[in-house]
Every structure is written in structure tokens, then in C-alpha cells.
Amino acid sequence: MSFLGGKARAFKPRRTGDSGTRAYQLKKYAEATLGSGNLRLAVVLPEGEDLNEWLAVNTVDFFNQLNMLYGCITEFCTPQECPVMSAGSRFEYHWQDGVRFRKPTKMSAPEYVDHLMTWVQGMLDDEGIFPSQIGAPFPKDFLSTVKSINRRLFRVYAHLYNHHFAQLCALSIEGMSGGVDGANSTHLNTSFHHFVLFLDEFKLVDKKELAPLDELELA
């Protein structure tokens with residue numbers, strides 16, 4: 001997803017499996033449970049299911065939701081308006097991927113998000129990391145990978161809340177329906193609450209990383 005220069009190109013939403021696969025069934029289960037309104041229940045690992053499959057399905061869905069939400073405010077999140085990637089006045093994030101950027105590098109919010117979403121998309125499309133075939137093994141370090149992805153996705157949510165919430169509301173995104181892959185999208189508050197509960201349920205992010213939450217007044 002390239003947002004540089006105000007021109008957005010949307011990522012192709014990552015599928016969570018074809019109809020009939022375990023990933024597809026887990027996705028449908030997650031949607032049905034989420035529809036019940038019980039967000040805490042919606043993140044709990046279904047009885048008898050594989051933890052890695054559940055982490056993968058939810059991580060993909062949160063990536064797709066966030067991709068859609070951020071894509072709606074790219075005209076406002078520019079290098080001029082958001083010269084640094086931050087979440088409020090006390091939290092600034094620098095990009096590092098160990099390849100092109102070997103050291104933490106300060107950059108604008110749209111540049112940071114561009115690198116982040118491209119980085120995540122690459123892993124989601126890698127069969128060696130996120131296998132789509134039934135019975136294909138997950139890598140031994142899969143949990144570590146999921147933690148790294150979700151820690152960084154949280155930063156985009158936090159940026160949206162701290163710097164673009166009013167714009168999202170003005171665009172009627174907060175109560176929007178529609179969605180990715182034909183599924184109903186939840187509004188920003190529900191999406192974010194769901195995401196944070198997911199992080200907490202599986203201890204995917206250290207509490208210190210969630211500190212920007214302290215400055216937010218979530219409905």
C-alpha cells in the first residue's frame with residue numbers, strides 16, 4: 001500500500017482460506033461470535049482448535065480491517081500533516097525491518113504505514129510463514145512473528161485514534177458497514193476494542209507498548 005505523495009494503492013485483502021478449509025471455518029466462527037456482541041468471547045480460542053490457526057485467522061482479519069480504515073484517511077495523513085509516526089504527544093515510532101532499514105529510522109506517518117503494511121503483506125503471502133494448505137505446518141517461531149506483526153498494527157490503530165479520529169467520524173467510518181472480502185466491517189471503536197482484547201487474551205504485546213491507550217477515551 002503506497003500512500004506517499006497522496007496516492008493510495010490498496011493491498012489485495014489477504015484471504016483466510018477457501019470455503020471448506022479449516023481457516024475459512026474459523027473465520028466464519030469468529031464472525032458469528034463477534035456478531036453476538038460479546039467481544040471477550042470472540043477472541044477466545046474455540047475448543048479443540050489449533051492455536052496457530054486461530055492466531056493466523058485473526059491477525060489476517062485485523063490487517064484487512066486496518067488496511068481499510070487507514071485507506072479512508074490517506075488524504076489527511078500526509079508527510080506535511082503527520083511528519084512523524086506518533087500516537088499522541090508522548091509516543092513516537094521509528095521504522096526498522098532489519099533489511100532496508102537496519103536501524104530505527106524516523107519517518108512520516110504515511111511512510112511508516114507504507115513500510116509496515118508492505119512488510120506485513122509480504123509475510124501473510126509467504127506460505128512458509130502463513131500456510132494456507134490444510135495440514136501444512138506453521139514455523140516454530142510463528143508466535144514470535146504474530147507478536148511482532150500485531151505490536152506494529154497496534155501503532156497504526158493508536159495513530160488513527162490520536163490523530164485522525166475526528167476525520168474518521170466526519171467520513172462516517174465510525175458507523176460504517178460494508179467491508180473486506182464481503183464481510184461486515186465493524187466500526188472503529190469495536191474494531192479497536194476487539195483488537196486490544198485479542199492482544200490481551202494471548203499476551204501478544206507488552207503492557208508498555210499499550211501505554212498510548214492511557215491517553216485515549218474509548219467509548
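**Exercise 1. Overall make-up**

How many helices and how many strands does the secondary structure of the protein come to? Establish this, and then describe burial, contacts and surface for the chain as a whole.

*Solution.* The model is a predicted one, and its secondary structure comes to six helices and zero strands. Read from the N terminus on, the elements therefore follow the order α-α-α-α-α-α, as helices and strands are defined by DSSP runs numbered from that end. Turning to burial, 48% of the 219 residues in the protein are buried. The contacts can be examined next: among those between residues at least 6 apart in sequence, 72% join residues at least 24 apart. Finally, the protein exposes about 10900 Å², and carbon and sulfur atoms supply 50% of that area.

**Exercise 2. Helices α3 and α5**

Determine whether α3 and α5 are roughly parallel or roughly antiparallel to each other, and describe the residues of their contact.

*Solution.* Begin with the geometry: the axes of α3, residues 51–71, and α5, residues 142–170, come within 10 Å and cross at roughly 25 degrees. Because angles under 35 degrees count as roughly parallel, α3 and α5 are roughly parallel to each other. The crossing of these two helices is left-handed. On the α3 side, the contact is made by Asn52, Leu55, Ala56, Thr59, Phe62, Phe63, Gln65, Leu66, Leu69 and Tyr70, while α5 contributes Phe142, Leu143, Val146, Ile149, Asn150, Leu153, Val156, Tyr157, Leu160 and Leu168. Sorted by class, the residues of this contact are 16 nonpolar and four polar, with no charged residue.

**Exercise 3. Helices α4 and α5**

Work out how α4 is oriented relative to α5, and state which classes of residue their contact has.

*Solution.* The axes of α4, residues 109–124, and α5 come within 11 Å and cross at roughly 150 degrees. Since an angle over 145 degrees counts as roughly antiparallel, α4 is roughly antiparallel to α5. The crossing of α4 and α5 is left-handed. From α4, the residues that meet α5 are Ala109, Tyr112, Val113, Leu116, Met117, Trp119, Val120 and Met123, and their counterparts in α5 are Thr145, Ser148, Ile149, Arg152, Leu153, Arg155, Val156 and His159. By class, this contact has 11 nonpolar, three polar and two charged residues.

**Exercise 4. Helices α5 and α6, and asparagine 189**

Describe how α5 and α6 pack, and then decide whether asparagine 189 is buried or exposed.

*Solution.* The two helices pack at an angle of about 155 degrees, with their axes 11 Å apart. That angle makes α5 roughly antiparallel to α6, and α5 passes α6 in a left-handed crossing. The contact is made by Asn150, Leu153, Phe154, Tyr157, Tyr161, Phe165 and Leu168 of α5, together with Leu188, Asn189, Ser191, Phe192, Phe195, Phe198 and Leu199 of α6. These residues divide into 11 nonpolar, three polar and no charged.

Asparagine 189 itself has its place in α6, residues 188–201. Its relative accessibility is 7%, so asparagine 189 counts as buried. Asparagine 189 and tyrosine 161 are 28 residues apart in sequence, and their C-alpha atoms are 9.2 Å apart in space.

**Exercise 5. Three residues outside the helices**

For glutamate 209, lysine 203 and aspartate 97, give the place in the chain and the degree of burial.

*Solution.* Glutamate 209 lies in the segment after α6. With a relative accessible area of 19%, glutamate 209 is buried, because buried means under 20%. If its neighbours within four places in sequence are left aside, glutamate 209 is in contact with Arg151, Phe154 and Arg155. The C-alpha atoms of glutamate 209 and arginine 152 are separated by 9.6 Å, although the two residues are 57 apart along the chain.

Lysine 203 is likewise in the segment after α6, but its relative accessible area is 57%, so lysine 203 is exposed. Its backbone deserves a separate step: phi of lysine 203 is near 50 degrees, a positive value in a residue other than glycine.

Aspartate 97 has its place in the loop between α3 and α4. A relative accessible area of 24% makes aspartate 97 partly exposed. Aspartate 97 and leucine 116 are 19 residues apart in sequence and 8.8 Å apart in space, C-alpha to C-alpha, and Leu116 is one of the α4 residues that meet α5.

Technical notes: Residues are numbered from 1 along each chain as its sequence is written. This is a predicted model: local features need pLDDT of at least 70, side-chain atom pairs count only at pLDDT 80 or more; totals for chains, interfaces and linings use all residues. Side-chain values use heavy atoms; hydrogens and water are left out. Axes are lines fitted to C-alpha atoms, for helices over the stretch in contact, and angles run from 0 to 180 degrees between N-to-C directions. Helices (H or I, at least four residues) and strands (E, at least two) are DSSP runs, numbered from the N terminus. Angles under 35 degrees count as roughly parallel, over 145 as roughly antiparallel, 65 to 115 as roughly perpendicular and the rest as oblique. A crossing is left-handed if the near helix is turned anticlockwise from the far one by less than a right angle, and right-handed if clockwise. Contact means heavy atoms within 4.5 Å. Ala, Val, Leu, Ile, Met, Phe, Trp, Tyr, Cys and Pro count as nonpolar, Asp, Glu, Lys and Arg as charged, and the others, Gly among them, as polar. Buried means under 20% relative accessible area, exposed over 50%, partly exposed in between (1.4 Å probe, protein chains only). Accessible areas come from the Shrake-Rupley method with a 1.4 Å probe; for residues, only the protein chains shown count as cover.
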